[in-house]
Structure formats: structure tokens, C-alpha cells
Amino acid sequence: MFPSRRASAVRRLWRGRCQNGGLQGGLKPLTHSLFKRLREDQLEMLARAVEAGGAEDRVGCVSLARSGVNHWPQVLTCKLFRWPDLRWPHQLKHLSICDCSRRSVEDSGLVCCNPYHFSRLCDPESPPPPYSKLSPSKNQNNIDDFLEHNFAYDQGAIEPSNNSSDLWPDFGLAPHLSREAHWCSVAYWEHRTRVGRLYAVHEPSVGVFCDQPRGNGFCLGQLHVADRHEMVRRTRGKIGRGILLSREWDGVWAYNRSEHPVFVNSPTLGPPNSRRLSVHKVQPGYSVKIFDYHKARALQRTAILDFPDGPFDPNSIRISFAKGWGPCYSRQFITSCPCWLEILLNHS
């Protein structure tokens with residue numbers, strides 16, 4: 001007798017779970033309960049998302065009605081299929097590609113269970129400057145205790161307020177404005193040479209990638225250069241799915257979709273009024289706010305600073321793929337990095 005589509009999808013999901021995470025304690029019955037609540041087509045969509053590993057943007061939301069849910073379903077799926085060490089819902093961030101993130105919870109009454117519609121949220125540690133590593137915030141307790149005891153689901157714990165800041169226009173929430181003017185331009189550099197033209201971004205989010213099946217956005221793989229340096233070729237091979245840039249109500253966010261770290265320098269990530277170069281490491285699967293609108297407004301009132309690798313631009317962000325730079329690295333300047341991006345924000 002042939003298995004049903006539902007049973008087949010469930011088996012695919014069991015095979016796709018993180019092998020080093022297991023199903024400790026009460027997670028297994030909670031997982032069974034979650035699968036029972038999902039329709040057959042939703043189970044197949046969830047299995048497709050897990051098997052694609054985030055490589056396919058077209059996999060939609062696996063939405064679940066909030067009513068009657070007495071645990072955190074998005075934390076459960078993210079823990080099962082992506083991060084076994086996940087502890088708290090506030091360690092997660094909705095990605096801009098998630099339809100549920102564009103609607104308030106009160107209006108939709110739905111929560112998305114697609115683990116690839118979320119990223120881990122980075123918090124800066126506090127080593128001495130000029131180098132900082134961005135990692136998940138450290139908590140002593142574990143999410144397993146809450147899941148097993150069926151604590152009430154609190155969507156507000158992971159959802160930032162959707163109140164638009166009065167200090168900054170929000171093109172992400174006003175699509176007609178985003179069509180009229182680009183909110184940023186992206187330049188791709190190899191060492192000291194800019195490759196290709198500036199890529200103007202009009203949509204609220206854009207992917208920058210080298211190898212992304214059916215991806216939309218700025219494809220670096222299509223930029224050809226004769227006689228590339230061997231280091232550049234090796235580094236381009238590590239870009240893969242690259243990063244996702246999104247303009248949101250509180251700032252500009254970057255999600256590292258690749259399998260290697262990216263390194264970020266931004267005016268709003270470093271200490272205020274610091275003359276020391278601050279470079280932040282973002283691990284695969286993590287998101288960080290690379291430009292904070294509120295901090296940027298405060299920076300505009302301060303004196304212009306100069307850095308060793310060029311003049312200070314309060315509206316410019318630099319992201320290097322796989323290779324760091326600065327006082328703690330052999331590469332002192334961004335122009336020594338094989339493959340890097342310059343993101344020029346347009347605030348006119």
C-alpha cells in the first residue's frame with residue numbers, strides 16, 4: 001500500500017531535522033502536535049523549505065492560526081531544523097521575505113512556521129574595540145523548559161513594533177515611494193577595483209549573491225573580469241547565497257545567507273564618536289541591523305571623522321565576504337579584501 005502524501009511529508013521532515021539536536025524531553029510530542037495542526041499542503045511546503053535549506057525564496061509562509069496555540073511554533077521548527085541551541089523567541093527575527101512579517105499579528109492572527117523565514121538575531125559582545133564579534137545573546141535558561149511546560153505563546157516577544165519612526169522616511173512600508181526613488185545603491189569591489197555598475201535598489205529588500213537558484217537581485221556571478229586574482233576566485237566561491245539587505249521601519253538589516261561569515265563596518269555599529277575602525281563579524285544564518293536610523297540622526301550632528309582607509313561617510317556601509325580587515329587582521333584596509341560591497345544609502 002502506497003503511503004499518503006501527508007505521511008510522506010512527515011517522514012521527509014523527520015529526516016531533515018538537525019541530527020545533533022535530537023528531540024529532548026517534551027519536544028517530540030509538541031512536534032507531533034504541530035504536524036497534526038498543519039494541512040497536507042502545508043506539511044509539503046514545510047518539507048520543501050527544509051530540503052531547500054533556504055535556497056529557494058519562493059517557498060511561502062507555513063502559517064498557523066494563533067488561537068489555540070500554547071507554545072512557540074516558530075521556535076520549535078527553528079530549533080528542530082536549523083539551530084538546536086536556540087533558547088528564546090527574541091533570538092529570532094522575521095525576514096522581510098515572510099508575508100506574515102508584513103502584517104501585524106493582531107490583523108492576521110497567524111504565525112509563520114517556516115524556519116527559513118527567520119534568522120538568528122545578533123547581539124554585540126563586548127570585547128575591547130576595534131574588533132567585535134556578533135553572536136546570539138547569551139541566556140542561562142533554555143527554551144526547552146518553556147516548550148515542555150506549554151507556556152503561553154507570546155508573538156510580541158519576537159515582533160518589533162511596526163510604528164514608523166518620525167525621524168526617517170519608511171519606504172519599506174510605502175511601496176509607491178520605493179518605486180519613485182532608490183533607497184540605496186550597491187557597489188561590488190574586488191580589492192581596489194569596482195566591478196560592474198552601481199546597482200540601484202528600489203524594492204524594500206534585495207539579495208546580493210553569487211549562486212542562488214532562482215534568486216532575484218544583484219547577481220555577482222554575472223560580473224565577469226578577465227584574469228581574476230586567485231584569491232578573488234576562491235573568495236567568490238564562498239559567497240554562495242550571499243546576503244539579504246532589507247529596509248525596515250527601524251533601519252537597514254543584513255541577513256547572512258551564505259555558509260561563511262561576513263564582516264561589516266557601519267557608522268551606527270561602532271561606539272559613538274569613535275575614531276577607531278570597528279569591524280563586526282556576522283556568522284551564517286544571523287541578521288544584524290547594519291544601519292540604525294535613530295543613531296544616524298545623532299551622528300549627523302557630530303563632527304566628520306576620518307579613518308585610515310578613507311574618509312568617513314555617515315551614509316555608507318561596507319561588507320566583506322569571508323575576509324575581515326582592520327587592526328586585528330593581516331588586512332588593514334577594506335581595499336585589501338578580495339570581495340566586498342559598498343552600500344550607499346540615499347536619503348534625498
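In strand β15 of this predicted model, Lys 289 is the residue that forms the bridge partner of Trp 253. This pair belongs to a longer match between two strands, since β12 and β15 (residues 286–292) are joined in the antiparallel sense over five bridges. Strand β12, which spans residues 251–256, is mostly covered, with six of its six residues counted as buried.

A second partner of β12 is strand β11 (residues 243–248), and here six bridges join the two strands, which again run antiparallel. Within this pairing, Arg 247 is placed opposite Val 252 of β12. The two strands β11 and β12 form a hairpin, in which two residues lie between them. In a regular strand, the side chains alternate between the two faces of the sheet.

Helix packing was examined for α1 (residues 5–16) and α2 (residues 27–37), whose axes come within 12 Å and cross at roughly 140°. An angle over 145 degrees would count as roughly antiparallel, and the crossing of roughly 140° therefore makes α1 oblique to α2. The crossing of these two helices is right-handed. On the side of α1, the residues that take part in the contact are Arg 6, Val 10, Leu 13 and Trp 14, and these meet Thr 31, His 32, Phe 35 and Lys 36 of α2. Sorted by class, the residues of this contact comprise four that are nonpolar, two that are polar and two that are charged.

A further site of interest is Gly 60, which is located in the loop between α3 (40–52) and β1 (63–65). With a relative accessibility of 24%, Gly 60 is classed as partly exposed, because the buried class is reserved for values under 20% and the exposed class for values over 50%. When neighbours within four places in sequence are left aside, the residues in contact with Gly 60 are Met 45, Asn 114 and His 117. Between Gly 60 and Leu 46, which are 14 residues apart in sequence, the C-alpha to C-alpha distance is 8.9 Å.

Turning to the protein as a whole, its secondary structure comprises nine helices and 19 strands. The protein has 348 residues, of which 51% count as buried. Among contacts with a sequence separation of 6 or more, 70% are accounted for by residues that stand 24 or more positions apart.

Conventions. Residues numbered from 1 in each chain as written. Predicted model: local features only at pLDDT ≥ 70, side-chain atom pairs only at ≥ 80, totals over all residues. Heavy atoms only, no water. Axes fitted to C-alpha atoms, helices over the stretch in contact; angles between N-to-C directions. Helix = DSSP H or I, 4+ residues; strand = E, 2+ residues; numbered from the N terminus. Parallel < 35°, antiparallel > 145°, perpendicular 65-115°, else oblique. Left-handed = near helix turned anticlockwise from the far one by under 90°. Contact = heavy atoms within 4.5 Å. Nonpolar A, V, L, I, M, F, W, Y, C, P; charged D, E, K, R; others polar. Buried < 20%, exposed > 50% of the residue type's maximum accessible area, 1.4 Å probe, protein only. Pairing = 2+ DSSP bridges.
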